[in-house]
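Let's walk through this structure together, starting with the whole chain and then moving inward. Please keep the sequence and the 3D view open as you read.

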Amino acid sequence: MLSTIADYTRLTQDLGKSMTQVAKQPDVSRETDYFLGHIGNVKTIDDFLKDYRLYTYAMKAYGLSDMAYAKAFMRKVLTEGVSDKDAFANKLTDTRYREFATAFNFAALGANATSTTAATTGTATQYVTQTMEQKAGDQNEGLRLALYFTRKASTITSAYQILADKALTQVVQTAMGWSPTISSSDIDAQAKMITDKIDLTDFQDPTKVTKFVQRFAAMWDATQAQSDNSTNPALVLIGSAATSASLDTDMLATLQNIKFNR
């Protein structure tokens, strides 16, 4: 079996120490020093978008690295801000854009937008967190997902928020034992399935979040182990059915200790 639960527990038991270790890594430290040393010189959205190093650092900090190329899109996010309920960022289901526009609130603060705590040390902390999750994922994708869900859980207020985020969706589907193929079904039906089985207010309770993530980790490890064994020629020759039965028993025993009932 893999050890997603063990690794997750190790990292989160002393999250501050884990974060500090990542922050001190040369590549992370170098980029953070540059960001904190130069972000204060940015006075306009144009300044921000022109400094590729600053801009991509900030985008990674808020989990938006894959959208760094879409500068026109991000310009609209920043230009309209978050004060107006009809602002572009507020209309997007993905809350990361709203978080980004809140941290770099040029619309409301103008030239002072980059001097706030959210824009400076807050963004640096987000960057370290994202990097920690990314590095965890290099070793174990399940661990990255577990850390990400833990960080985002308290912001979840609707099933549609989950469905708008591929990582959150994967965690929920895995934890509940649902096939990923359900993602091709009607989105309203998917949302109802989530709210029928999960009380989303539970994600405001750190203890319940931990239990949910532990359940995800157990299901993830069992699924990965079964997948590995199904492609092992030696196990196929001696009879994979017995192996699968053993894994199922192990998984059920683990899940008995990690119940998440509505």
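What follows is a tour of the fold, its cores, its ring pairs and one helix residue.

Please bear in mind that this is a predicted model. The chain has 17 helices and zero strands. Of its 262 residues, 44% count as buried. The chain exposes about 13,400 Å², and carbon and sulfur atoms supply 53% of that area. If you take the contacts between residues at least 6 apart in sequence, 61% of them join residues at least 24 apart.

Now let's go inside. The largest nonpolar core has 39 residues, and those with the most contacts inside it are Phe48, Met74, Phe100, Phe104 and Phe106. Two or more core residues come from each of the elements α2 (15-23), α3 (26-38), α4 (45-50), α5 (52-61), α6 (71-80), α7 (88-91), α8 (95-103) and α10 (121-139). Helix α5 gives the most, with six residues. To get a feel for the packing, centre your view on Met74: leaving aside neighbours within four places in sequence, Met74 is in contact with Tyr55, Met59, Leu64, Met67, Tyr97 and Phe100. There is also a second, separate core of 31 residues, which includes Ile162, Leu163, Ala175 and Val209.

The aromatic rings deserve a stop of their own. The structure holds 15 aromatic pairs. One of them joins Phe35 and Tyr57 in a stacked arrangement, with 4.5 Å centre to centre and 15 degrees between the planes. This pair links distant parts of the chain, as Phe35 belongs to helix α3 and Tyr57 to helix α5, 22 residues apart. Are these two rings' residues buried or exposed? Phe35 has a relative accessibility of 1%, so Phe35 counts as buried. Tyr57, at 2% relative accessibility, therefore counts as buried too.

Another pair is made by Tyr62 and Phe100, and here the geometry is edge-to-face: 5.8 Å centre to centre, with 90 degrees between the planes. This pair also links distant parts of the chain, with Tyr62 in the loop between α5 and α6 and Phe100 in helix α8, 38 residues apart. Both Tyr62 and Phe100 are buried. You can follow the rings further, since ring pairs link Phe48, Tyr55, Tyr62, Phe100, Phe104 and Phe106 into a cluster.

Charged side chains meet rings as well. Look at Arg53, whose charged end sits over the ring of Tyr34, 4.1 Å from the ring centre. Lys76 lies over the face of Phe88, at 5.3 Å from the ring centre.

For a last stop, turn to Met193 in helix α14 (residues 187-197). Why does Met193 count as partly exposed? Its relative accessibility is 31%, and buried means under 20% while exposed means over 50%, so a value in between counts as partly exposed. Leaving aside neighbours within four places in sequence, Met193 is in contact with Trp178 and Ile182. You can also pick out Ala159, which is 34 residues away from Met193 along the chain; the C-alpha atoms of the two residues are separated by 9.0 Å.

Methods:
Residues numbered from 1 in each chain as written. Predicted model: local features only at pLDDT ≥ 70, side-chain atom pairs only at ≥ 80, totals over all residues. Heavy atoms only, no water. Core = buried A, V, L, I, M, F, W, Y, C linked by side-chain atoms within 4.5 Å. Buried < 20%, exposed > 50% of the residue type's maximum accessible area, 1.4 Å probe, protein only. Helix = DSSP H or I, 4+ residues; strand = E, 2+ residues; numbered from the N terminus. Contact = heavy atoms within 4.5 Å. Phe/Tyr/Trp six-rings, centres within 6.5 Å; stacked < 30°, edge-to-face > 60°. Lys NZ or Arg CZ within 6 Å of the ring centre and 35° of its normal. Areas by Shrake-Rupley, 256 points an atom, 1.4 Å probe, with all protein chains shown as cover.
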